[in-house]
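Dear colleague,

I am handing over the structure we spoke about, and below it you will find my notes on what was found. Please read them with the coordinates open.

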Amino acid sequence: EMKPLRREMRMIFQDPFSSLNPRMTVRDIIGEPLIIHKVAKGRELEDRVATLMRSVGLEPNYMRRYPHEFSGGQRQRIGLARTLSLNPRLIIADEPVSALDVSIQAQVLNLLQSLKDDLGLTLLFIAHDLSVVEHICDRIAVMYVGKIVELAESETLLRHPMHPYTEALVSAVPPADPDIRPHRIILEGDVPSPSNPPPGCVFHPRCRYAQEVCKQQEPKLEEVEPGHFASCHFAKELTLTGIGG
C-alpha cells in the first residue's frame with residue numbers, strides 16, 4: 001500500500017557514504033528506484049541515469065564507478081540524483097550537508113536551491129545550523145523535545161522570534177561583522193528526556209521568562225500574528241531579540 005506513496009516522498013540522508021551501497025555502481029544506485037517502480041529498464045534506464053547525473057553536476061561517464069571512488073560532496077550528489085529519480089513531490093533532507101566540508105556545503109546547498117526552484121520541489125530540510133536554514137528555507141519550524149514551539153516565515157522568525165528557545169538559538173549565530181559583540185544567551189540546565197518531559201511547558205526549567213503558569217499548563221501552538229505561530233503563554237507580551245536586534 002505504501003509503494004505508490006514512496007514514489008512521491010524521497011529522502012536525502014545525512015551520511016553520504018553509509019547511505020550508498022559500496023557494492024553497487026553509481027548506475028545501479030541511481031537506477032534502483034526506476035527498476036523497483038518499473039519506470040525504466042535497459043537503454044532507457046542508462047539514459048535516465050545519465051540525465052540525472054548531469055542535473056546534479058556529475059559526469060555520466062562515471063556511472064560505472066563505485067561510491068568509494070568519489071569525494072564526500074560527489075557522494076551526496078549521487079544520493080541526490082537517486083532521490084530525484086522518481087520526480088518526487090516531497091524531499092526530506094536529514095542534515096544533508098553536516099558531514100561535508102564548508103566549501104562543499106555551499107556547493108550542495110546551491111544545488112539544492114536551484115533544483116528546488118527549477119523543479120518546484122517541496123523540501124523538508126532538517127538542520128541545526130540556522131545560517132544554512134535561513135539560506136534555503138522559506139519557513140522555519142523550531143522544535144524542542146520533539147514539539148514544534150515556533151513556526152513562521154524564515155525572515156520573520158529569525159528577526160522577530162516569539163519563543164524564548166528561538167531567541168536563544170538565534171543569539172548563538174555569529175554576526176557577519178567581527179566588530180559586533182552579540183549578547184549570547186546561555187541556557188541553564190539540560191534538555192529533558194522526551195520520555196519523561198517536565199509538567200507544563202517543556203522549556204520552562206531552562207527559560208529565563210518562566211512564571212508559575214508555565215510550570216502547570218502546557219501552552220498550545222497558536223497563531224500569535226498572521227502566519228506566525230508560537231507555543232508560549234507570554235508570546236504576545238515578550239519582546240525578544242532576533243538577528244540584528
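In which sense, parallel or antiparallel, do strand β6 and strand β7 pair? Please keep in mind throughout that this is a predicted model. The pairing of β6 (residues 222–225) with β7 (residues 228–230) is antiparallel and runs over 3 bridges, with E225 standing opposite H228 in β7. The hairpin that these strands form has 2 residues between them, and G227 takes a positive phi near 80° there.

Turning to the interior, the largest nonpolar core has 49 residues, and I30, V56, I78, L80, L84 and F125 are those with the most contacts inside it. Helix α5 (residues 102–119) supplies the largest share of this core, namely 5 residues. For F125, once its neighbours within four places in sequence are left aside, the contacts are A93, P96, L109, L112, V132, I136 and C137. Apart from this core lies another, of 6 residues, which includes M162, C214, C232 and A235.

Helix α8 (residues 164–171) is largely enclosed by the rest of the structure, because 7 of its 8 residues are buried; these are P164, Y165, T166, E167, A168, V170 and S171. The buried residues of α8 pack against α6 (130–136), β4 (139–144), β5 (147–153) and α7 (154–159).

K41, by contrast, counts as exposed because its relative accessibility is 69%, and its place is in the loop between α2 (26–36) and α3 (42–55). The C-alpha atoms of K41 and M63 are separated by 15 Å, with the two residues lying 22 residues apart along the chain.

With best regards

Definitions and conventions
Residues are numbered from 1 along each chain as its sequence is written. This is a predicted model: local features need pLDDT of at least 70, side-chain atom pairs count only at pLDDT 80 or more; totals for chains, interfaces and linings use all residues. Side-chain values use heavy atoms; hydrogens and water are left out. Helices (H or I, at least four residues) and strands (E, at least two) are DSSP runs, numbered from the N terminus. Buried means under 20% relative accessible area, exposed over 50%, partly exposed in between (1.4 Å probe, protein chains only). Contact means heavy atoms within 4.5 Å. Two strands pair if DSSP finds at least two bridges between them. A nonpolar core is a set of buried Ala, Val, Leu, Ile, Met, Phe, Trp, Tyr and Cys residues joined through side-chain atoms within 4.5 Å.
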